[in-house]
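Visitor: I should like a close look at a single part of this structure, namely its salt bridges and the side chains around them. Please describe the pairs in turn and say where each partner sits.

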Amino acid sequence: MDYRELSPDREFMARLETGADWREEIESLAVDEEVDAAWFHAMGAVQDAVVWFYDQQEGEYEAVTFEEPLEVAACVGNVSLLDGERFAHTHAVLSRPSGQSLAGHLDAGTVFAGELYMRTFEEPLVREHDEETDLDLWL
């Protein structure tokens with residue numbers, strides 16, 4: 001296991017803009033506030049979603065598109081630098097009216113309503129290519 005100690009810096013509460021893209025809203029906060037490292041939690045609802053699942057054998061993301069309103073029962077992720085840009089690595093558990101859950105890497109979703117808590121860190125997190133997993137990971 002690789003690890004390091006991080007020093008907390010600032011905390012933000014934000015309301016995501018209706019009609020905006022969920023992940024892009026998180027990234028825009030990071031850009032506006034010059035956040036290079038953070039951990040976040042969020043909840044709310046989206047009007048649609050694109051969820052990615054990483055195929056470990058093929059080494060590729062598979063996208064699944066949902067063209068329906070979904071609750072964001074839980075959303076967690078981090079902000080780091082990827083190729084010099086701020087990137088929000090976002091995972092979510094989404095639910096249908098029936099209570100059926102869908103989960104994965106939330107690549108996109110049109111915000112209906114969203115609330116975000118973000119805690120930033122002083123030290124930047126930079127994603128670099130990991131040969132073993134073929135993913136861009138930090139540390």
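Guide: The account below takes the salt bridges first and then turns to a helix and a surface patch.

The model is predicted, and a search of the whole structure finds 7 salt bridges. In general terms, side chains of opposite charge can pair when their charged atoms come close.

One of the salt bridges joins the side chains of Arg119 and Glu11, with an N to O distance of 3.8 Å. Arg119 belongs to strand β6 (residues 101-121) and Glu11 to strand β1 (residues 8-16), so this pair ties together parts that are 108 residues apart in sequence. That distance falls inside the cut-off, because a salt bridge requires the nitrogen to be within 4 Å of a carboxyl oxygen. Arg119 has a relative accessible area of 34% and is partly exposed. Glu11 is likewise classed as partly exposed, at 48% relative accessibility.

A second pair to consider is Arg86 with Asp36, whose side chains form a salt bridge at 2.9 Å, N to O. Here Arg86 lies in strand β5 (residues 85-95), while Asp36 is found in the loop between α1 (22-32) and β2 (38-55), so the pair ties together parts that are 50 residues apart in sequence. The relative accessible area of Arg86 is 25%, which makes this residue partly exposed. Asp36, at 26% relative accessibility, also counts as partly exposed.

The side chains of Glu68 and Arg96 form another salt bridge, again given as N to O, at 2.9 Å. Both partners are in loops: Glu68 in the one between β3 (60-66) and β4 (70-82), and Arg96 in the one between β5 and β6, so parts that are 28 residues apart in sequence are tied together. Glu68 is partly exposed at 22% relative accessibility, and Arg96 is partly exposed with a relative accessible area of 23%.

Besides these pairs, a network of salt bridges links Asp9, Arg10 and Glu33.

The surroundings of Arg86 lead to helix α1, where Glu27 lies. Glu27 touches Arg86, as well as Phe87 and Ala88, when residues up to four places away in sequence are not counted. With a relative accessible area of 15%, Glu27 is buried, since the class of buried residues is set at under 20%. The side chain of Glu27 also makes a polar contact, at 2.7 Å, with the side chain of Arg23.

Ser28 is placed in helix α1 too. This residue is partly exposed, with a relative accessible area of 30%. The side chain of Ser28 reaches the backbone oxygen of Glu25 at 2.9 Å. Between the C-alpha atoms of Ser28 and Phe87 the separation is 9.6 Å, and these two residues are 59 residues apart along the chain. Phe87 is also one of the residues that Glu27 touches.

Apart from the charged pairs, there is a nonpolar patch on the surface. Met1, Tyr3 and Leu139 make this patch, which has an area of about 470 Å². Leu139 is located in the segment after β8 (135-138) and is partly exposed, its relative accessible area being 47%.

Definitions and conventions
Residues are numbered from 1 along each chain as its sequence is written. This is a predicted model: local features need pLDDT of at least 70, side-chain atom pairs count only at pLDDT 80 or more; totals for chains, interfaces and linings use all residues. Side-chain values use heavy atoms; hydrogens and water are left out. Helices (H or I, at least four residues) and strands (E, at least two) are DSSP runs, numbered from the N terminus. Buried means under 20% relative accessible area, exposed over 50%, partly exposed in between (1.4 Å probe, protein chains only). A polar contact is a pair of N or O atoms within 3.5 Å; within protein, one must be able to donate a hydrogen and the other to accept it, and residues adjacent in sequence count only if both atoms are side-chain atoms. Contact means heavy atoms within 4.5 Å. Patches are made of residues with over 30% relative accessible area and no salt bridge: like charges are joined within 9 Å, nonpolar side chains (Val, Leu, Ile, Met, Phe, Trp, Tyr) within 5 Å. Accessible areas come from the Shrake-Rupley method with a 1.4 Å probe; for residues, only the protein chains shown count as cover.
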